[in-house]
Amino acid sequence: MALVAPVRSSLAKPSVRLRSTGVRQVHLQAYIVTPKELSDALKKNVPTKISTAPRVIPLCAAWFLPNDPKGRTGQQVFKQKCIPSARFFDLDAIKDHESPYPHMLPTAHGFAKAMQDIGIHKDDEVVVYDTQELGIFSAPRVAWTLKVFGHPGVHILNNFRLWVEQGFPTESGEVEAAEDVQNSYPMPTLDTSKVVDFAEMKEVAKDYSKEGAEGVQ
């Protein structure tokens, strides 16, 4: 029987400290943040058109299976209800368009172009979240994509359902175009230590749970 590694308590019960480095700038310290922690950070990092300080950006990663019984799409539910000032990461568009497989990682150029189009700067703190309906589903995948391409400030909200239930503000409407698309996102480098190819994955699957395979687990 395969052993499942226990989830580290630091992830199960995250503790986030807000480290103030100035009048506006606040950094989230933990990978997983609560609705209150995100709300506090957003209040202390109110963006302005003249400021060049790093921002806290909520990033919606909403995505539904193609056979969703209600025919929902990520962009549709994002327009219906989202965190104020949030941006949308389209998993169906930000991918390797040359691959025959769905949702493969985009190229470095494709990732940088997507970040620029969304309006995210390299030094922004990005908090990825999912739909109210699903809680946490595709947000970890999008957060991993950002980390694979070296974005330094990446977090996951736990979660948008709680954000709504706890009475934090939401808004609806069309996705607004980013105002700062001319601020180019630097060309990233893929962190190959966070990616395995198909052949290696097959070997991992064969070795998992075998005696002496602690390194794999």
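# Rings, loops and contacts

Visitor: Does F168 count as buried or exposed?
Guide: F168 has a relative accessibility of 18%. Buried means under 20% relative accessible area, exposed over 50%, and partly exposed in between, using a 1.4 Å probe and protein chains only. F168 is under the first of these cut-offs, so F168 counts as buried.

Visitor: What kind of model is this?
Guide: Residues are numbered from 1 along each chain as its sequence is written, and side-chain values use heavy atoms, with hydrogens and water left out. Local features need pLDDT of at least 70, side-chain atom pairs count only at pLDDT 80 or more, and totals for chains, interfaces and linings use all residues, in a model that is predicted.

Visitor: Good to know! What pattern does the chain follow along the sequence?
Guide: Helices (H or I, at least four residues) and strands (E, at least two) are DSSP runs, numbered from the N terminus. The chain holds seven helices and seven strands. Read along the sequence, their pattern is α-β-β-β-α-β-α-β-α-β-α-β-α-α.

Visitor: How many residues apart in sequence are the parts that F111 and F149 tie together?
Guide: Rings of Phe, Tyr and Trp (its six-membered ring) pair if their centres lie within 6.5 Å, and planes under 30 degrees apart count as stacked, over 60 as edge-to-face and the rest as tilted. The structure has six aromatic pairs, and one of them is the stacked pair of F111 and F149, at 4.6 Å centre to centre and 15° between the planes. Because F111 lies in helix α4 (residues 108-118) and F149 in the loop between α5 and β7 (154-157), the distance in sequence between the parts they tie together is 38 residues.

Visitor: Are F111 and F149 buried or exposed, and is the pair of W163 and F168 stacked or tilted?
Guide: Both F111 and F149 are buried. The centres of the W163 and F168 rings are 4.9 Å apart with planes at 35°, so this pair is tilted.

Visitor: Which residue joins F111 and F149 in one aromatic cluster, and which residue's side chain makes a polar contact with it?
Guide: The cluster is made of F111, F149 and Y185. A polar contact is a pair of N or O atoms within 3.5 Å; within protein, one must be able to donate a hydrogen and the other to accept it, and residues adjacent in sequence count only if both atoms are side-chain atoms. At 2.7 Å, the side chain of Y185 has such a contact with the side chain of H151.

Visitor: Where is the place of H151?
Guide: H151 is buried, because its relative accessibility is 3%. Contact means heavy atoms within 4.5 Å, and the residues H151 touches include I120, D124, V126 and Y185, leaving aside those up to four places away in sequence. Its place is in the loop between α5 and β7.

Visitor: Which elements do the buried residues of α5 pack against?
Guide: Helix α5 has A139, V142, A143, T145, L146 and V148 as buried residues. Their packing partners are β4 (56-60), α4, β6 and β7.

Visitor: What separates the C-alpha atoms of K81 and E171?
Guide: K81 sits in the loop between α3 (74-80) and β5 (87-88) and is partly exposed, since its relative accessibility is 31%. Its side chain joins that of Q132 through a polar contact of 3.3 Å, and K81 also touches E171. Although K81 and E171 are 90 residues apart along the chain, the separation of their C-alpha atoms is 5.5 Å.

Visitor: Which residue that is not a glycine has a positive phi of about 60°?
Guide: S85, in the loop between α3 and β5, is not a glycine and has a positive phi of about 75°. The residue with about 60° is found in the loop between β5 and α4; this residue is H103.

Visitor: And what is omega for the cis peptide bond?
Guide: The bond joins N158 and N159, and N159 lies in the loop between β7 and α6 (160-165). For this cis bond, omega is about -10°.
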